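Visitor: I have the model open and would like a quick tour of its charged pairs and helices. Could you take me through it?

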Amino acid sequence: MKIKKLTTAKQLLDKEFGVNGTKTRKKFKEEAYSYYLSEILKSRRLELNLSQEELAQKVGKKRPYISRVENGEDVRISNFVQIAIALNLNFDLQPV
């Protein structure tokens with residue numbers, strides 16, 4: 001019986017999105033971070049039993065904007081901070 005060699009996550013990412021430093025890999029990372037941050041915000045909003053409309057009112061935006069943020073389409077740091085504060089979330093920015 002022949003044993004297959006396991007593929008690492010890095011190998012899969014390199015194959016699918018290019019190696020670190022390439023434009024395609026950078027784009028993938030940016031989209032992944034946007035998705036991750038948007039999921040945190042959405043999860044917290046649901047935990048607090050807030051509708052998108054109620055959250056939008058808290059931050060002075062319109063409901064479609066909150067929807068875009070939760071879909072990872074518009075997660076600028078200034079907006080993330082504003083929404084995070086409205087959701088009573090703490091976060092820590094640190095150099096990498």
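**Salt bridges and helix packing**

Guide: Let's start with a charged pair: D14 and K10 meet through their side chains in a salt bridge, at 2.6 Å from N to O. Keep in mind that this is a predicted model.

Visitor: Which helix holds both D14 and K10?

Guide: The two are four residues apart, about one turn of the helix. In general, an α-helix has 3.6 residues a turn, so residues three or four places apart point the same way. The helix that holds both D14 and K10 is α1, residues 9-17.

Visitor: Is K10 buried or exposed?

Guide: The cut-off for exposed is over 50% relative accessible area. K10 has 52%, so by that rule K10 is exposed.

Visitor: Which helices does the salt bridge between D14 and R25 tie together?

Guide: The side chains of D14 and R25 meet in a salt bridge at 2.7 Å, N to O. D14 lies in one helix and R25 in another, so the pair ties together parts that are eleven residues apart in sequence. Both D14 and R25 are buried. The helices are α1 for D14 and α2 for R25.

Visitor: Which residues are linked with D14 in a network of salt bridges?

Guide: D14 has a salt bridge with K10, and D14 also has one with R25. The residues linked with D14 in the network are therefore K10 and R25.

Visitor: How many salt bridges are there by this rule?

Guide: The general idea is that side chains of opposite charge can pair when their charged atoms come close. The rule used here asks for a side-chain nitrogen of Lys or Arg within 4 Å of a carboxyl oxygen of Asp or Glu. By this rule the count comes to five.

Visitor: How many residues apart are E70 and R45, the pair that links distant parts of the chain?

Guide: E70 forms a salt bridge with R45, and their closest N and O atoms are 2.4 Å apart. The pair links distant parts of the chain, with E70 in helix α4 and R45 in helix α2, and the separation is 25 residues.

Visitor: Why does R45 count as buried?

Guide: R45 sits in helix α2, residues 23-47. Leaving out residues up to four places away in sequence, R45 touches L50, S51, Q52, L55, E70 and L87. Its salt-bridge partner E70 counts as buried too, at 6% relative accessibility. Buried means under 20%, so R45 counts as buried because its relative accessibility is 7%.

Visitor: What covers the buried residues of α2?

Guide: The buried residues of α2 are R25, S34, S38, L41, R44 and R45. What covers these buried residues includes α1, α3 (52-59), α4 and α5.

Visitor: What span does α2 reach from its first C-alpha to its last?

Guide: α2 has 25 residues. At 1.5 Å a residue, 36 Å is expected, and α2 comes close to that. From first C-alpha to last, α2 reaches 36 Å.

Visitor: What is the phi of N49, which is not a glycine?

Guide: N49 follows α2 and is in the loop between α2 and α3. N49 is exposed, with a relative accessible area of 67%. Its phi is positive, about 55 degrees.

Visitor: Which residue in the segment after α5 has a positive phi?

Guide: The value is near 55 degrees, in a residue other than glycine. This residue is exposed, with a relative accessible area of 58%. The residue, found in the segment after α5, is N88.

Visitor: Are α3 and α4 roughly parallel or roughly perpendicular to each other?

Guide: Q52, E53, L55, A56 and V59 in α3 meet R63, I66, S67 and E70 in α4. By class, this contact has four nonpolar, two polar and three charged residues. The axes come within 8 Å and cross at roughly 105 degrees. Angles of 65 to 115 degrees count as roughly perpendicular, so α3 and α4 are roughly perpendicular.

Visitor: How far apart in space are E73 and K61?

Guide: E73 is in the loop between α4 (63-70) and α5 (77-86), and E73 counts as exposed at 56% relative accessibility. E73 and K61 are twelve residues apart in sequence. In space, C-alpha to C-alpha, E73 and K61 are 15 Å apart.

Technical notes
Residues numbered from 1 in each chain as written. Predicted model: local features only at pLDDT ≥ 70, side-chain atom pairs only at ≥ 80, totals over all residues. Heavy atoms only, no water. Buried < 20%, exposed > 50% of the residue type's maximum accessible area, 1.4 Å probe, protein only. Contact = heavy atoms within 4.5 Å. Expected span 1.5 Å × (residues − 1). Axes fitted to C-alpha atoms, helices over the stretch in contact; angles between N-to-C directions. Parallel < 35°, antiparallel > 145°, perpendicular 65-115°, else oblique. Nonpolar A, V, L, I, M, F, W, Y, C, P; charged D, E, K, R; others polar.
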